[in-house]
Amino acid sequence: MRTRAITLTEQVTQQLRAEIAEGVYPVGARLPSGKQLAERYGVSPAVIREVTEHLRSQGLVESRQGLGSTVLSRTGNGGFRLPQEIGVDRGELASIYELRLDLESAAAALAAQRRTATELARMEALLAQLGAQLHDPDRSVEADTAFHVAIAAATHNPYYLQLLQYLNLQLHQAVHAARLNTRQQEGLSEQVHQEHLALFHAIRAGDADLARAAAVSHLQGAAARLGLPVAARCTDPSHPAA
């Protein structure tokens, strides 16, 4: 029987879920700040951000910029969830990558049409950070995830942003595995970076078809690097999806 180590994110999420369920933080109350929670549980701010996103995706809290997180429910909801074993079940992971291919390619096309100068600057800064961390998977995985989320934000469609934030959070371990894999293979880290740059350049140019194709090419490459059997998509921008 397969076992899996519980991550720090899962440990803290379970503790906060239990406290919300028990009424330690009642509906309508604000959770302590990210800094306070990080100090309390002895984890990094990045872990607390992931915990908050888990709780938000489960319908337990609502997060607003500058206002922190407010408890919405003691029991959460039964909405869309990814299986807990997503990080180790290759079949499930392949299915989620197929979902990402369609969602993120559509998001890239919208981002190319709607992005602002501020959003382009954010993407460029994240790519610069990734470029400086190509051979450090422990640090680069967060910037990698943030880059994809920044593209979703540039769609100006909150539902793309919320769903892709959730998917990327759940696939955090898979992204990390891919980074470890590329580090072990000569030249692959640079190849991944070039894929990110091609995607960014298409979005900056405002070319929706090229952005869609670049996103498909990048994600198909990511799936291949993980050895996942993902159905191929057309990457020729002269033949856009219907």
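## A walk through a mostly helical chain

The protein chain before you has a secondary structure of 10 helices and two strands. Please keep in mind as you look around that this is a predicted model. Reading from the N terminus, the elements come in the order α-α-α-β-β-α-α-α-α-α-α-α.

How confident is the prediction? The mean pLDDT of the protein chain is 80, and 77% of its residues reach 70 or more. Confidence is highest in helix H5, residues 117-132, with a mean of 93. At the other end of the scale is helix H8, residues 172-184, where confidence is lowest, at a mean of 59. Where pLDDT is low, the predicted coordinates should not be read in detail.

Now for the chain as a whole. It has 242 residues, and 45% of them count as buried. Take the contacts between residues at least 6 apart in sequence: 71% of these join residues at least 24 apart.

A good place to look at packing is the pair formed by helix H4 (residues 90-114) and helix H10 (residues 208-225). Their axes come within 8 Å and cross at roughly 150°. An angle over 145 degrees counts as roughly antiparallel, so H4 and H10 are roughly antiparallel to each other. The crossing of H4 past H10 is right-handed. On the H4 side, the contact includes Tyr97, Arg100, Leu101 and Glu104, while Ala208, Ala211, Arg212 and Leu219 are among the residues that H10 contributes. Sorted by class, the residues of this contact are 13 nonpolar, three polar and three charged.

While you are in H10, have a look at His218, which belongs to this helix. Is His218 buried or exposed? Its relative accessibility is 5%, so His218 counts as buried. Leaving aside residues up to four places away in sequence, His218 touches His148, Val192, Glu195, His196 and Arg225.

One of those neighbours, His196, leads to another helix pair, since His196 is a residue of H9 that takes part in the contact with H5. H5 and helix H9 (residues 188-205) pack at an angle of about 165°, and their axes lie 11 Å apart. That angle makes H5 roughly antiparallel to H9. Here the crossing is left-handed. From H5 come Leu120, Met123, Glu124, Leu127, Leu130 and Gly131, and they meet His193, His196, Leu197, Phe200, Ile203 and Arg204 of H9. By class, this contact of H5 with H9 has seven nonpolar, three polar and two charged residues.

How values were computed. Residues are numbered from 1 along each chain as its sequence is written. This is a predicted model: local features need pLDDT of at least 70, side-chain atom pairs count only at pLDDT 80 or more; totals for chains, interfaces and linings use all residues. Side-chain values use heavy atoms; hydrogens and water are left out. pLDDT is the predictor's confidence in each residue, from 0 to 100. Helices (H or I, at least four residues) and strands (E, at least two) are DSSP runs, numbered from the N terminus. Axes are lines fitted to C-alpha atoms, for helices over the stretch in contact, and angles run from 0 to 180 degrees between N-to-C directions. Angles under 35 degrees count as roughly parallel, over 145 as roughly antiparallel, 65 to 115 as roughly perpendicular and the rest as oblique. A crossing is left-handed if the near helix is turned anticlockwise from the far one by less than a right angle, and right-handed if clockwise. Contact means heavy atoms within 4.5 Å. Ala, Val, Leu, Ile, Met, Phe, Trp, Tyr, Cys and Pro count as nonpolar, Asp, Glu, Lys and Arg as charged, and the others, Gly among them, as polar. Buried means under 20% relative accessible area, exposed over 50%, partly exposed in between (1.4 Å probe, protein chains only).
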